[in-house]
Amino acid sequence: MEKDKGQVNTLRKLELLAPAKNLECGMAAVDHGADAVYIGASQFGARAAVGNSTDDIRRLCQYAHSYGVRIYVTVNTILYDAELDATRQLLRDLQETGVDAILVQDMGVLSLLPSLEEGQRVGFALHASTQTDNRTAEKVRWLRDLGFSRVVLARELSIQEIAAIHAAVPDVELEVFVHGALCVSYSGQCYASQYLCGRSANRGQCAQVCRMKFDLLDSNGQELIHQRHLLSLKDLNQSDHLAELIEAGATSFKIEGRLKDVSYVKNVVAAYSQRLDAYIAAHPGQYRRASSGHCRYTFTPNLQKTFNRGFTNYFLNCRHTDHGELSGRQPDIFSPDTPKALGEYVGSVKELRRDSFNVAGTASFANGDGLCFLNSRQELEGFRVNRAEGNRLYPQQMPRSLRPGMALYRNNDVAFERLLARPSSERKIPVSMRLDVTSEGFSLTANAVTVSIVCEHQRAEKPQYDNIVHQLSKLGGTPFECSAVEVDDGFDYFIPSSLLSDLRRQLVDEMLHNSNGARCAIPSKKADSPEHAPAYSVPYLYNISNRLSQQFYGADAVTAYELKGGDGPLMQCRHCLRFSLGYCVKHGGQKPQWQEPLFLRLADGHRFRLEFDCKHCQMNVYAAD
């Protein structure tokens with residue numbers, strides 16, 4: 001058995017990484033199949049609205065580690081000088097909670113890491129947040145040399161680019177986003193919210209400028225498009241492309257959603273967990289999950305039934321040509337009609353009456369379902385079903401804009417939500433036990449853990465195996481379930497049920513202690529002054545906001561946009577409006593008739609100039625006021 005266990009440990013680990021806005025979501029993620037959970041602390045996380053106490057993070061660690069599930073905490077905002085002492089204390093507190101890693105953006109954090117005294121328990125690992133703008137092998141290598149064991153790659157990268165990074169820096173874990181909301185700008189390089197609202201995306205306060213309505217103007221001020229969501233992207237969905245990501249070298253598959261509710265976490269985590277399990281089963285002897293246990297669900301996961309703006313695989317299948325252009329771009333990655341959730345398509349409106357209508361389609365409906373449609377002005381309208389009789393629906397109030405032939409979407413499935421509101425998954429770790437006779441009593445072994453009791457040996461008058469199995473299998477309320485009980489042939493000893501229960505409890509306690517004692521190793525390097533920072537040709541221009549970060553990058557470092565402002569782009573986007581609107585001649589589009597540069601204009605009059613960097617297949621957005 002030990003040989004087999006060692007063989008399993010050599011298999012490549014695949015990690016499903018789930019979001020948690022609070023303790024409830026974190027525990028649900030564990031129950032539904034996550035191998036790791038990322039969560040924000042009380043401050044300094046890139047989602048300022050969802051902080052958690054160190055006590056809750058400690059409780060989540062204790063629960064998750066029972067299954068070998070890792071906990072990562074986001075400390076990934078840029079910091080101001082007045083916050084450095086509080087950050088240092090937070091890192092000390094997190095070390096004591098048992099977290100396995102922290103996600104970092106501000107390199108000043110490297111100088112604040114708690115020192116470990118000799119003999120003290122190991123601390124957390126360092127993961128480079130996607131906020132550090134990780135899109136090249138050069139950047140990933142630089143982060144590795146600083147002591148980061150993992151790098152979270154930019155969402156925009158293709159399979160080709162991920163594979164190239166892995167080939168160049170194979171000793172770094174690569175984390176990729178697979179599901180959820182997309183930022184139109186490269187993460188860490190968006191300053192639109194700070195510019196417009198004084199709310200920095202690099203400090204967890206993004207005002208989601210990209211979800212707003214814009215006019216598109218040419219250089220003469222002519223309005224080409226009126227009030228559309230031109231920068232609002234659909235949601236990412238790579239559930240059908242996990243194989244390509246795995247084979248490209250990705251280690252961890254990240255679900256976005258630290259602002260989402262527990263139903264979202266349950267459904268999406270379960271869906272991706274099943275996909276990962278299916279891939280592993282199809283490739284025996286090559287892969288294993290990064291945590292332990294299997295899940296039994298009371299529902300069938302369905303990604304269409306959870307919050308989404310429509311789905312895209314973004315730039316996954318793009319390739320760079322010999323001229324540097326990006327081939328294979330998809331035009332429908334954005335959602336210009338609405339930034340809100342459409343949900344699943346359920347059919348089209350067939351016939352209208354005064355107080356009801358019927359639906360052409362195969363979907364079934366329930367009282368209370370939330371439906372929506374795009375009206376004749378391409379605006380999203382929603383309503384609630386008061387009563388459903390087959391495919392005839394009676395809204396609480398008939399929508400005035402509803403017309404026959406319009407497509408209907410369900411963004412709140414009452415029956416599905418009821419399933420998720422109840423206990424919807426059970427996660428168990430199968431254990432095979434072996435009972436042996438010792439010179440002083442008996443021992444019980446499972447998962448390389450052995451416990452024993454001292455007692456007098458008594459010969460049994462009748463077979464004991466069934467009672468032994470019955471008593472040792474009582475593992476309810478623990479993360480474990482008994483898959484087998486092994487005793488030697490001819491075992492004929494009587495063991496009181498109370499002693500068998502004692503053995504079982506001791507074994508469970510030891511297995512739980514072992515699982516909670518395993519944590520990631522602390523990085524061997526810590527850069528805390530400029531001479532520790534390896535050379536990097538592209539300095540981190542705008543995101544330096546404290547003295548430690550300034551010292552780290554050196555005298556030529558540029559102060560953060562949040563403090564000083566700047567004349568650089570407010571956004572750097574791989575999404576290109578010229579391409580998405582069908583006017584990129586390099587990709588077969590028609591020649592535009594407008595005069596450039598183009599401008600985006602908000603309803604309040606703020607304007608932004610668009611720059612099309614065709615050499616790098618990138619669109620930059622500048623302030624134009």
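This passage goes through the overall build of the protein chain and then its nonpolar cores. The model is predicted, and its protein chain carries 15 helices alongside 32 strands. The radius of gyration comes out at 28 Å, close to the 25 Å that the globule rule gives for 625 residues, so the chain is as compact as a globular protein of that length. Laid along the principal axes, the C-alpha atoms fill a box of roughly 100 × 75 × 45 Å.

Next, contacts and surface. If one takes the contacts between residues at least 6 apart in sequence, 72% of them join residues at least 24 apart. Buried residues account for 54% of the 625 in the chain. As for what is left open, the chain exposes about 27,200 Å², with carbon and sulfur atoms supplying 47% of that area. On the charge side, there are 70 positive and 72 negative side chains, and the centres of these two sets sit 6 Å apart.

Now for the inside. In soluble globular proteins, nonpolar side chains tend to be buried together. Here, the largest nonpolar core takes in 105 residues, and Leu94, Ile102, Phe253 and Leu435 are the ones with the most contacts inside it. Helix H9, spanning residues 262-281, provides the largest share of this core, with 10 residues. Ile102 gives a feel for the packing: leaving aside residues up to four places away in sequence, its contacts include Val73, Val75, Leu91, Leu94 and Val109. Also touching Ile102 are Leu113, Phe124, Ala125, Leu126 and His127. A second core, separate from the largest one, holds 47 residues, among them Phe177, Cys210, Leu326 and Leu570.

Technical notes
Residues numbered from 1 in each chain as written. Predicted model: local features only at pLDDT ≥ 70, side-chain atom pairs only at ≥ 80, totals over all residues. Heavy atoms only, no water. Helix = DSSP H or I, 4+ residues; strand = E, 2+ residues; numbered from the N terminus. Rg over C-alpha atoms; globule rule 2.2 N^0.38 Å. Buried < 20%, exposed > 50% of the residue type's maximum accessible area, 1.4 Å probe, protein only. Contact = heavy atoms within 4.5 Å. Areas by Shrake-Rupley, 256 points an atom, 1.4 Å probe, with all protein chains shown as cover. Lys, Arg positive; Asp, Glu negative; His and termini not counted. Charge placed at Lys NZ, Arg CZ, Asp CG, Glu CD. Core = buried A, V, L, I, M, F, W, Y, C linked by side-chain atoms within 4.5 Å.
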